[in-house]
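I am opening a fresh page for a structure that is new to me. My plan is to look up a few things in turn and to write down what I find.

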Amino acid sequence: MDKIIIEGGRRLKGEVRISGAKNAALPILVSSLLADGVNTYSNVPDLKDIQSIKLLLTHLGAKIVSADSIVRIDAGGLCNYEAPYDLVRKMRASILVLGPLVARLKKAKVSLPGGCAIGERPINLHLRGLEQLGAKIELKHGYVEVSADGLKGDDIFFDVPTVTGTENIMMAAVLAEGTTVLRNAAREPEIVALADALKKMGAEIHGAGTSVITISGVNELHPISNEIIPDRIEAGTFMVAAALTQGDLTLTNCEPDHLKAFIHKLTLTGTKVHHVDKQCIRVIGPDEIKSVDVKTLPYPGFPTDMQAQFTVLMSVAKGLSIISESIFENRFIHVSELKRMGADITISGNSAMIKGVSKLSGAPVMATDLRASACLILAGLVAQGTTTINRVYHLDRGYEAIEKKFTQVGALIKRVNG
Ligand code: EPU
C-alpha cells in the first residue's frame, strides 16, 4: 500500500490550480441516469471516488468514455436496478443512484451503506423522502429495495439538512408527477450545481441554494454538456497550507464565494487573503498564527470538511482555541495522530480544546478518513523532520494529484510504494 513521506518545514510559494469538486461531480455524473443520450462533463477530477461511481454507473448499464477531465456518459442502456455491496461499500455516495433509478426504472435495490469512520451516517431521510413521493421501501439482507408505480410530488421536510439526501430526492422528484417542495433542504454549492445541471437537462427547479426547493415534475429530460464547479474543500486545504507555512500561494480556478465562512475565520488567524479576481485568490501566511474558535455548521456555515485541516492550524497557533463539530458525531479521530506529532488537544464531547504549541514533530501516522488524511499532510508540511502517512487510499478518494501539486509549490513530499 502507498505511503506519503514529507520532510516538513518548507515555505510554500507558487500557483496551484484547483480541480473540479468531488462532491459536485458525484451527483452530477449520477444525474446522467435520468436521460437517454450522451452527457458530456468537463473539469471532472481524477479520483478514486469518481472511478467508483463510474464503475457503478457502468454496472447499471451506462456507457462511459473518459479522457483527461472529460467524461461522457450515455445511460440509454440503463437496464440494471441493483447497486451491489461490493461497489457501494467502497463509497457511501453510491446511495445517490437510488433517486434516479426509482425515477427511471420504478425500482432500485441498493446495498445499505454502513457507518463510516466519522459517524453513523444514517440514510433515513433519503428513504422517508422517497416514501413521501409514493415509493415502497423494504430493508432486506443489507439492501434497501424501493419500488413505485409512479412517483408523485409532495411536501417534504428534512429533520436536518442533508446534502446527499437533498440531492437524491431532487433527482427522484424531477420526473415525478406534480410538484415537490423540499423544506430545510441543504444549501451547499454542490446542491446548486446539481440543480443547475438538472435545469439544463430540462428540469423545473426553483430555490436551490435556499432551504426551500420547489421542483415541478416533467415528462423527460435530455442530455447536456456541463462543467463541474471547483472543489471548495481542496481550495480550503491549500489555503491552510499557505497559512501554516508562512507561505504565499495563488489558487486559480477556484470559487472563493463558496468559502466565505472559512475565509472569514482564516483571516482572523492573521492570514492575508487577496481576491485577485473572481476565480483566483492569493493567500499569505502570517508570521504568527492567532487562535480562533470555530463551530462547524451546514452551509453557509463553516464546513465540517475543513474542520480537521483547521485543527492543524490551531495546533500551532498562539493561545487557546475551541473547535466544535456539530455535523458528525465522531470526526475527531485525526486528533490522536496529531497528538503523536506533539499537538496539545483535549477532546470533550463534540469539542476539541487546542493549546497551540510552537512546533509539531514528524512521526509515522495513519489516516482514517479523507479529510483526516489531508490534515495529516498539512501537519507533515509544518512539522520538524519526517512524517510518513500510511493508508493513503483515503487521500486518493478526494484529492487529485495532491503530492504533485504540493511539490510544485516547494514541498518535499513523495509517494512510495509498500
Ligand atoms: N443525516 C441523517 N439522516 C439522513 C442523512 C443525514 O440523520 O438520512 C445526518 C447525518 O448523520 C449528519 C447530517 O445529517 O449528521 C448531515 O449529513 P449529510 O447527509 O449532509 O452528509 P452526506 O450527504 O452523507 C455530504 C458530503 C460529505 C460532507 C457532508 C456534510 C458528499 C458525497 N458527501 O455527505 O463529504 O462531509 O455532506 O457537509 O457530498 C467528504 O467529502 O470528505 C465528505 C465526507
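**Around the ligand**

I began with the ligand and found that 21 residues surround it, the closest being N124, T162, T164, D305 and I327. I note here that I am working from a predicted model, and that the values below are computed from it.

Next I looked up polar atoms facing oxygen atoms of the ligand. For K22, I found a polar side-chain atom 3.0 Å from an oxygen atom of the ligand, and for R121 a polar side-chain atom 2.9 Å from an oxygen atom of the ligand. With P122 it is the backbone that takes part, since I found a polar backbone atom of this residue at 3.3 Å from an oxygen atom of the ligand.

**Two domains**

I then asked how the protein is divided. I found domain 1, made of residues 3-19 together with 230-416, and domain 2, which covers residues 22-227. When I looked up the C-alpha centres of domain 1 and domain 2, I found them 30 Å apart.

How many residues of each domain are in contact with the other? I counted 24 residues on the side of domain 1 and 19 on the side of domain 2. The area buried between domain 1 and domain 2 comes to about 1,800 Å², and carbon and sulfur atoms give 51% of that area. I also checked which residues contribute to the share of domain 1, and Y299, R397 and E400 supply 31% of the area that domain 1 buries against domain 2, more than any other three residues.

**Polar pairs and helices at the interface**

Across the interface of domain 1 and domain 2 I found 2 salt bridges, and I counted 6 residue pairs in polar contact between domain 1 and domain 2. Looking at the side of domain 1 that touches domain 2, I saw that α12 (370-382) and α13 (393-398) each supply at least two of its residues, while α13 gives the most, with 3 residues. Sorted by class, this side of domain 1 has 7 nonpolar, 6 polar and 11 charged residues.

**One salt bridge followed up**

For the protein as a whole I noted 17 salt bridges. I followed up E190, which lies in helix α7 (residues 189-200), and R232, which lies in helix α8 (residues 232-244), so the pair ties together parts that are 42 residues apart in sequence. The side chains of E190 and R232 meet at 2.9 Å, taken from N to O.

**Backbone details**

Lastly I looked up the backbone at two places. Y299 and P300 are joined by a cis peptide bond with an omega of about 15 degrees, and I located P300 in the loop between β18 (294-295) and α10 (307-315). N184 has a positive phi of about 55 degrees although this residue is not a glycine, and I placed N184 in the loop between β11 (179-183) and α7.

Technical notes: Residues are numbered from 1 along each chain as its sequence is written. This is a predicted model: local features need pLDDT of at least 70, side-chain atom pairs count only at pLDDT 80 or more; totals for chains, interfaces and linings use all residues. Side-chain values use heavy atoms; hydrogens and water are left out. Domain bounds come from an automatic or database domain assignment. Contact means heavy atoms within 4.5 Å. Buried area is the accessible area (1.4 Å probe) that two parts lose on being put together, summed over both. A salt bridge is a side-chain nitrogen of Lys or Arg within 4 Å of a carboxyl oxygen of Asp or Glu. A polar contact is a pair of N or O atoms within 3.5 Å; within protein, one must be able to donate a hydrogen and the other to accept it, and residues adjacent in sequence count only if both atoms are side-chain atoms. Helices (H or I, at least four residues) and strands (E, at least two) are DSSP runs, numbered from the N terminus. Ala, Val, Leu, Ile, Met, Phe, Trp, Tyr, Cys and Pro count as nonpolar, Asp, Glu, Lys and Arg as charged, and the others, Gly among them, as polar. A residue is near a molecule or strand if one of its heavy atoms lies within 4 Å of it.
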